[in-house]
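Open the model in your viewer and keep the sequence panel beside it. The tour goes from the whole chain to one pocket.

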Amino acid sequence: MKHFLLFYRYHSDYITKREAFRVEHLKLARAASAEGNLLLGGALVDPVDTGVLLFSAQTADVVHRFALADPYVINGLVESWQVREWHTVAGQNAAFPMD
């Protein structure tokens with residue numbers, strides 16, 4: 001499995017508007033986690049302007065589908081998003097461990 005990072009750039013009013021969509025967003029995240037695709041996710045702080053989600057999948061399509069289904073994206077709380085493959089080489093779960 002490969003690793004992918006999903007970066008969200010939040011809209012300036014993200015904090016005030018997220019509550020209306022948070023339950024559905026977390027439901028989607030929990031489902032992706034239960035499937036083994038979403039490993040970690042959360043917002044960066046000070047300032048809360050970016051979200052980062054770590055996925056494990058064969059292809060980036062899994063991550064793209066997640067973003068396109070995310071209520072935060074659908075409802076404009078995310079200004080832009082980007083998927084990047086992360087070539088992990090260190091750590092217990094590295095995709096390409098270096099011996």
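Start with the contacts of this predicted model. Among contacts in the protein chain with a separation of 6 or more, 71% join residues 24 or more positions apart.

Next, colour by secondary structure. Four helices and four strands should appear in the protein chain. Trace them from the N terminus: the order is β-α-α-β-β-α-α-β.

Now zoom out and show the C-alpha trace. Its spans along the principal axes are about 45 × 30 × 20 Å. How does the radius of gyration sit against that of a compact globule? A compact globule of 99 residues would have a value near 13 Å, and the protein chain has 14 Å, so the two agree.

Switch on the surface. About 6,400 Å² of the protein chain is exposed, and carbon and sulfur atoms supply 54% of that area. Then colour by burial, counting a residue as buried when its relative accessible area is under 20%. Buried residues are 31% of the 99 in the protein chain.

Last stop: the largest pocket. Select His25, Leu26, Gly41, Gly42 and Ala43, the lining residues that lie nearest its centre. The full lining has 15 residues. Which elements give two or more residues to this lining? They are helix H2 (19-34) and strand E2 (38-43). Show both as cartoon, then colour the lining by residue class. Nine of the lining residues are nonpolar, four are polar and two are charged. The space in this largest pocket comes to about 240 Å³.

Key
Residues numbered from 1 in each chain as written. Predicted model: local features only at pLDDT ≥ 70, side-chain atom pairs only at ≥ 80, totals over all residues. Heavy atoms only, no water. 1 Å grid on protein atoms, 1.4 Å probe; cavity = no way out; pocket = protein on both sides within 12 Å on 5 of 7 lines; lining within 4 Å. Points joined across faces, edges and corners; volume = space filled by probe spheres on them. Nonpolar A, V, L, I, M, F, W, Y, C, P; charged D, E, K, R; others polar. Rg over C-alpha atoms; globule rule 2.2 N^0.38 Å. Buried < 20%, exposed > 50% of the residue type's maximum accessible area, 1.4 Å probe, protein only. Contact = heavy atoms within 4.5 Å. Areas by Shrake-Rupley, 256 points an atom, 1.4 Å probe, with all protein chains shown as cover.
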